[in-house]
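Me: Could you take a close look at one part of this model for me? I'd like to know how its pieces touch one another.

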Amino acid sequence: MPTPHADSVFPALEALLPLVQKPIQYVGGEVNAVAADWDEAEVRWALMYPDAYEVGAPNQGVQILYEVLNGQPGVLCERTYAVWPDLEALMREHGVPQFTVDDHRPVGAFDLLGLSFSTELGYTNMLTALDLAGIPLIATDRDESHPVVVAGGHAAFNPEPIADFIDAAVLGDGEEAVLALTEIVRAWKRDGRPDGRAGLLESIARSGVAYVPSMYDVEYLPDGRIRRVVPAHAGIPWRVAKHTLMDLDEWPYPKAPLVPLAETVHERMSVEIFRGCTRGCRFCQAGMITRPVRERSKTGIAEMVANGLAKTGYEEVGLLSLSSADHSEIAETTTYLADCYEGSQTSLSLPSTRVDAFNIDLANELSRNGRRSGLTFAPEGGSERMRKVINKQVTEEDLIRTVATAYGAGWRQVKLYFMCGLPTETDEDVLQIARLAAEVIRVGREVSGRRDIRCTVSIGGFVPKPHTPFQWAAQLDHETTDARLAKLRDAIRTNREYGKSIGFRYHDGKPGIIEGLLSRGDRRVGRVILQAWRDGARFDGWSEHFDFDRWAAAASTALADEPVDLDWFTTREREHAEVLPWDHLDSGLDREWLWEDWQDALDEVGVEDCRWTPCFDCGVCDQMGTSIQIGPTDLGLPEIRVGQPA
Amino acid sequence: MSRKPPRDHVAPVQRLRLRYAKRGRLRFASHRDFQRAFERALRRAGVPMAYSAGFSPHPKISYANAAPTGTASEAEYLEIGLSEECDPEDVRRRVDEALPPGLDILDVVVARTSDFADRLQASRWRIELPGLAPEVAEQAVASLLEAGEVMVDRLTKNGMRTFDVRAALLTARVAPAPDGARPCAILTVVLRQVTPSVRPDDILTALRSVAPSPVAPGWQTPPPLVTREMQGPLAEGGSTDEALVGDPLAADREADQT
């Protein structure tokens, strides 16, 4: 059935493009973009990455789902991204709606609008897009003609702050979930849309495929804590569980990665080599909510690299995961790929954060052809004690030995990532970073025999996240964070012998507080988001657009009638018995295990990785019916053809 | 430990000169956007490129006089160096297929002459001004052609520059849009390649400054649609704008046949 209001808005947009910065980001035309037939499609998805095109276009989640959906019969999927304020103003002036970059269709004409939230700081960009699309901001104001707004991505594990604005949230891996949602929508449309929008949302809620916030009531205690979250009526599940994709080799997506014309933040192709992580770093939400570890086999990786390079023409391939050196076949894989591309212009990269000498071997192998510029490690905590609290099992000896190996192998620059404001942290813990960095330079000069080696310390404020052992922790206030970082900076600068070889990069504490509010907030925070957006909040992940005072003022106004405020959501420690806003959303992690891990953190007790030690009962595999999928496999590797990509 | 660059410089065994077009929505690609897209298309098409030496080898490509972002073109040129001899038409077809629609390779010749860049002496531009009555445009063009010197300001990478556009302007004429449904003036100008370059938007600035009614509808919005139609040597004795700009690849084609 043709939908007249779905016509391309490009003619109207085209007249505005000469007036904005980087117009190419709005025109689409990427290599490997899919041109699907609008009129033939039964179910139409718009997928949004709620940030600028240059950040959103390379996003793997969106690229995977785009391809999975477009591969389905009768299904169409197009992409949309946040428009910069210059174009937003022109679109409002000229009545141009939020559009997709594929065929420039109005986003309001689609059946579903899926948003991938890697970070909570994209929430205001969602409101801009909904508003520009003519979709009512408040979900309950929408009717049958409006798309179903579905949130996904890591931030969707606590979608309560955006519960008013979304119709549904998908927890976990999206591949199978979007297909299940598609079938629910297809059946509902074929059956003549029984019971309208409410009927569709109820089907989704009952299916358990996604969480439908409007089907749940939140009750509060007089002091502002949550009393309970209950399904609004019978048949709606009490808890909604995450999706876990097994057998990554069966899902070699994206098979044809998009190659944007506009410059983006990642000018390379990415191949996901495994999903999940069980290192057990207590601050890391990604490592907690993506369990268990599921590896792609070395064969699957080799095929994706060769196929992707042939289809994109990229010169660089990144082997992605939460801790790539942990892949059970990584040594074989890197050697194989280095052999394949030896003498060619193709380079390979492995985001290197693991602190050990093995990681350097891999990095050396991958840089056979090229320059050895910099390596990155993430000790995260400055002191030995701090690293025990966060379960980052790296000793100072490990770190020094690792960087010595790196400098000895010809690497000139080592970057070290840390966090500030971790639970139980004192000034002294953070000042240890200055001593550590000086020691790195001292040893580096010794082993390399050079004085031009460098070490950069990069540090940001810690934000406690839902579904982690630190979900109960008090976030450090931004004043203390900034004061601590200033002391660290001074300690580095005043080191006369080594200070000049140490770079210092830091993020101030204020954005982290707002991220904290959005991460651990409940439904009442939705009012704060709406107020901040009305006051002009956009692109909150960009320091040049972020305005802490605007957010703080919005929080004061929007929460004026509540017994809670910005501090209550951020710097307050929670107790064991408190109902957390996301307790009814099931990441598979056993709440009691998380609490014990939190207590272990306070006692500075570590937990091993379950890939190499017995299961420690985090609960995920039992609860979700999943299991660890790691090699080594007995699969072979494609034969290397000289002078040509495999 | 110092490391050697991975390979030594390999001199190209063949140079090809390409004419390409930037059309439709892809006219919003900047020159850098085009460069990335083109280099990736070469790799997808498997063209055996020669590379520069050093730690970060670059494919041997020389770009000439790129049209500004937002400007369409039927006559952009570049030269590539190959490590193996190839059939130019085969390269044209393969690279054209590898590029997204809207970036199109129109012509490829083997480089047989040495002064290619010097042959890009002038360009013929078509400037479509929707909403502007052709008579209004004609008056302004007449004033501009009569003037001895017309200074314009443009913000460049090096700050605000003031320069004369009149000397670079060889011809200018106005025609009404063929369909004529609503007023639309089509301006055709031939501009000499000078430094600092004089671009179509500078001509529009100049026209507005000499126009009897610079606020007439169509001068400012909607933005004009600009296309470079030809780029090449100034033809001896060319009297019309069609005849004034020649084909810069003609010399290579002729040398090939002799």
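Reply: Sure, and bear in mind that this is a predicted model. Let's start with the contact between the chains: chain A puts in 23 residues and chain B puts in 24. On chain A's side of that contact, twelve residues are nonpolar, eight are polar and three are charged.

Now for chain A itself. Chain A splits into domain 1, covering 4–241, and domain 2, which is made up of 268–524 + 562–624. Going by C-alpha atoms, the centres of these two domains of chain A sit 31 Å apart. Where they touch, 27 residues of domain 1 of chain A meet 29 residues of domain 2 of chain A. On the domain 1 side, the elements that supply two or more residues are β7 (226–231) and β8 (240–241) of chain A. β7(A) gives the most, with four residues. That domain 1 side has 14 nonpolar residues, five polar ones and eight charged ones.

Over in chain B, there's a helix pair to look at. Helix α4 (residues 134–146) of chain B packs against helix α5 (residues 200–210) of chain B at about 95°, and their axes are 8 Å apart. Since 65 to 115 degrees counts as roughly perpendicular, that angle makes α4(B) roughly perpendicular to α5(B). From α4(B), the residues involved are B:Ala140, B:Val141, B:Ser143 and B:Leu144, and they meet B:Ala206, B:Leu207 and B:Val210 of α5(B). So what is the make-up of this contact of α4(B) with α5(B), by nonpolar, polar and charged residues? It comes to six nonpolar residues, one polar and no charged.

Conventions:
Residues numbered from 1 in each chain as written. Chains lettered and ligands numbered in written order. Predicted model: local features only at pLDDT ≥ 70, side-chain atom pairs only at ≥ 80, totals over all residues. Contact = placed C-beta atoms within 7 Å. Nonpolar A, V, L, I, M, F, W, Y, C, P; charged D, E, K, R; others polar. Domains from an automatic or database assignment. Axes fitted to C-alpha atoms, helices over the stretch in contact; angles between N-to-C directions. Parallel < 35°, antiparallel > 145°, perpendicular 65-115°, else oblique.
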